[in-house]
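Thanks for coming, everyone. Let me put the structure up and then walk you through it.

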2 protein chains.
Amino acid sequence: MAKPQTPPEPDKNKEVKEQILRAAKTLFTTRGYDGTSVRQICEEADVSLALVSYHFGGKEKLFYELFNPIREIFRNQQFDLADPEKALKQFCMEFVRNRYSENELINILQQELLMNSPRLDMLTDVFLPSWDHLRQILQACKQCDIIECPSVDTAVRFVMGTLMYSIQLPFLNQSGPAQTPEETARFAADYVLKGLSRR
Amino acid sequence: MAKPQTPPEPDKNKEVKEQILRAAKTLFTTRGYDGTSVRQICEEADVSLALVSYHFGGKEKLFYELFNPIREIFRNQQFDLADPEKALKQFCMEFVRNRYSENELINILQQELLMNSPRLDMLTDVFLPSWDHLRQILQACKQCDIIECPSVDTAVRFVMGTLMYSIQLPFLNQSGPAQTPEETARFAADYVLKGLSRR
DNA sequence: GTCTATACGCCGATAGAC
DNA sequence: GTCTATCGGCGTATAGAC
C-alpha cells in the first residue's frame, strides 16, 4: 500500500508520536518518572498538552512504550552454556555495547530498579532476561570451576554493577579522552573474568 | 533511669524530628524525592502536616538533613597512598560495610546521581570524597604498576559499580542464604584487586 | 489529529487557634 | 510545639471547537 498521498502531511502522526517519545526519553532520564510532568514533555516536544493522552493513553503508557525498542534486543539474546567462559565474555561485551547505545533507557531502568518502583511489573521482560542469562552463565562457570564466589547471586550483582557503571557518569567531570564502547567492552570482560577467576 | 513522668514529655521535640526523619528516609528510598510527598511523610510519621516546615524548613531541607549522619563518615576517611594496594583493599572493604549499614541513604544518593539531580550540589560533601579517594588510590596503584586499565576514570567507575551493587537488590527474589557484610566486603576487595591486576 | 479551555485533585507552605 | 484550615499553583486527564 502506497502512501495516502496529498493529505496534509506524509506521516505527521508518526512524527508527532516520535517527537513526544524523544522528549519523554530525555526528560525521564534527567528528572525521573515522578519528576517529569506531561506538560514539560509536551512543551519540550512542541506539541499541545492533550496529545500524550490521545496518542499513548496517558503518562504511564507513554513511559512503557519508551522501552519497546529494547524489549526485543534482550529477548533475542542467546548464550552457549556449553562454553561458559566464552558465554560470560560475550555477555559482558554485549551488555556494555547496549549500555552505550541505549544509555538513556538503561539509566531510567536503573532508577526504577533502585526504588523498586511499581512500574517494574510492566518492565520485567526488559530487564529480567539479562539478569537470568547472567545468572545461568555464572552458574555454569561455577560448576566448571572457572570462577570462584561465595554465591552465584553475589557474583551476579558484582558483574552487573561493573557493567552498569561502565559508561561515563554525568556528575563527574571526566577529564581525559573517553574510551570507545568497544575498548570499554573488552576491558569490562577482562575485569570480570579476572575478578572472578580462581586465584 | 525511669521515665521522666508527668512533664509534657521528655524530648518530644527530638522524638518528633526523628520520627519524621525515619519516615522520610524509607519513603525517599522507595519512591524517590519527587515521588514522595510531605503529606505521606507526615502520615507515615503520625504527625501533622505542618511539622515538616516547622522543624526543618521545608521538604528540601529535610531531605538534606537526612544525610547528616553520613557526612562525617566519608569526610573522616583516610587512606595511606604510600601502600596503594593496601589502600585499595581498605577502601573496598570500608565502602561495602558502609553500603550495608547505610543502605537506604546510599540508595537515595544513587538515584540522585543517576539523574544528575539539582539537589546534588548540596550533597557533594557526601559522595565526592569517596570518588576522589578512590581515584587517588587507583592513580597511585597505576603508577606503581599494580593495576592495569585504559584510564583511571574507567577503573574508578568499574570499582564503584562493583561496590554499589554489593548489596542485595530488592527486585530480585534472592534465593540462597545472604552473605554477611564482612564476607561480601572481603570478596569485593578480592574481586576488584584481581580484576584490575596486571595479568 | 490537533488545539484551547477547563475539571478536579494533590502538591508544598503557612496562618492562626490552642 | 502542634494542630486544622486554607492558599495558590501545578499535576493529569478530558471536553469540545476546529
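I will start with the ground rules, then take the two copies, then the DNA.

This is a predicted model: local features need pLDDT of at least 70, side-chain atom pairs count only at pLDDT 80 or more, and totals for chains, interfaces and linings use all residues. Residues are numbered from 1 along each chain as written, chains are lettered from A and ligands numbered from 1 in written order, and side-chain values use heavy atoms, with hydrogens and water left out.

First, the copies. A turn of 180° and a shift of 0.0 Å along the axis lay chain A on chain B, with an RMSD of 0.0 Å (least squares on C-alpha atoms of residues with pLDDT of at least 70 in both). The two copies are thus related as by a two-fold rotation axis.

Now DNA strand D. Which residues come nearest to it? Val38(A), Arg39(A), Ser48(B), Tyr54(B) and His55(B), out of 19 around the strand. Being near means having a heavy atom within 4 Å. Sugar and phosphate make up 51% of the strand D atoms that come within 4 Å of the protein.

Next, the phosphate oxygens of strand D. One is 2.7 Å from a side-chain N or O atom of His55(B). For Ser37(A), the distance to a side-chain N or O atom is 3.5 Å. At Lys59(A), a polar backbone atom is 3.1 Å from a phosphate oxygen.

Last, the helices (DSSP runs of H or I, at least four residues). α2 (38-45) of chain A, with α1 (12-35) and α3 (51-56) of chain B, each supply at least two residues of the surface near strand D.

Note on methods:
A polar contact is a pair of N or O atoms within 3.5 Å; within protein, one must be able to donate a hydrogen and the other to accept it, and residues adjacent in sequence count only if both atoms are side-chain atoms.
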